[in-house]
Amino acid sequence: MALAEAGFDAESPTDLLTWARIDEPRLLLFTVRTAQDWDLLSELCQARAGTTVIAVLEDASMPASVRALNAGAAGILPRDATLPTMREVVGAAARGDSLVPTSVLRALTERQPAGEPATAAGHPSTAEREWLSLLARGDNVATVAARAGYSERMMFRLLRDLYTKIGAANRTEAMIMARDEGWV
């Protein structure tokens, strides 16, 4: 109703993926509450190049916001956003722009996770050690990505960078180094 009042045509499709794949520009506000919603968010963001997704977050914390943007959302809104804020974010997305809180933008652009101390050269950060631990116990990259709040593609890039950082040529070498150095 608020979108219609702001001049946007609003629909409530029953099959979001089919709707998002229609060959015309689409803007979608999608509420994320459950683990299944996070999976669907990623699918919706990748459904079609002309589909723009704004994630409406029950938990608008920094990690959830970063996770939504890494999944491909063009914008984020807390579930309890005011009507003017919603109009601003939707309007920006409709123009091809994004309104993102500065703190979230900084977290997205920093190599080091927010609030984490710097590490010695060649040593993994706390988050990177967690990734190595998950891989060492047999988790796949998709699972590590979901836990870390990144898309699978971004996680592959981050892991490649991590392997380079610690001097490993591949995942196997990284696992051996992590074990030998006591990182896992």
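Which side chain meets Arg26 in a salt bridge? In this predicted model, the partner is Glu11, with an N to O distance of 3.6 Å. The two residues sit in distant parts of the chain, 15 residues apart: Arg26 belongs to strand S1 (residues 26–32), while Glu11 is in the loop between helix H1 (2–5) and helix H2 (16–20). Their surroundings are worth a look too. Arg26 is buried, at 9% relative accessibility, whereas Glu11 is exposed, with a relative accessible area of 54%. Arg26 and Glu11 also belong to a network of salt bridges that takes in Glu24.

**Other salt bridges**

Salt bridges in the structure come to 10. Here are three of them, so you can pick them out in your viewer:

| Pair | Closest N to O distance |
|---|---|
| Arg26 and Glu11 | 3.6 Å |
| Glu58 and Arg79 | 2.8 Å |
| Arg179 and Asp180 | 3.0 Å |

The bridge between Glu58 and Arg79 joins two loops. Glu58 is in the loop between strand S2 (51–57) and helix H4 (62–71), and Arg79 is in the loop between strand S3 (75–78) and helix H5 (83–94), so this bridge ties together parts that lie 21 residues apart in sequence. Glu58 is partly exposed, at 43% relative accessibility, and Arg79 is partly exposed as well, at 45%.

For Arg179 and Asp180, which also meet in a salt bridge, the setting is the exposed class: Arg179 has a relative accessibility of 56%, and Asp180 has 53%.

**Aromatic rings**

Turning to the rings, how many aromatic pairs does the model hold? The count is 1. Trp131 and Tyr150 make up this pair in an edge-to-face arrangement, with 6.2 Å from centre to centre and 85° between the planes. An angle over 60 degrees is what places a pair in the edge-to-face class. Trp131 is part of helix H7 (residues 126–136) and Tyr150 is in the loop between helix H8 (141–148) and helix H9 (152–166), so the contact ties together parts that are 19 residues apart in sequence. Trp131 is buried, at 9% relative accessible area, while Tyr150 is partly exposed, at 24%.

One more ring deserves a visit. Trp38 has a charged neighbour over its face: Arg67 lies there, 4.3 Å from the ring centre.

Note on methods. Residues numbered from 1 in each chain as written. Predicted model: local features only at pLDDT ≥ 70, side-chain atom pairs only at ≥ 80, totals over all residues. Heavy atoms only, no water. Phe/Tyr/Trp six-rings, centres within 6.5 Å; stacked < 30°, edge-to-face > 60°. Helix = DSSP H or I, 4+ residues; strand = E, 2+ residues; numbered from the N terminus. Buried < 20%, exposed > 50% of the residue type's maximum accessible area, 1.4 Å probe, protein only. Lys NZ or Arg CZ within 6 Å of the ring centre and 35° of its normal. Salt bridge = Lys/Arg side-chain N within 4 Å of Asp/Glu carboxyl O.
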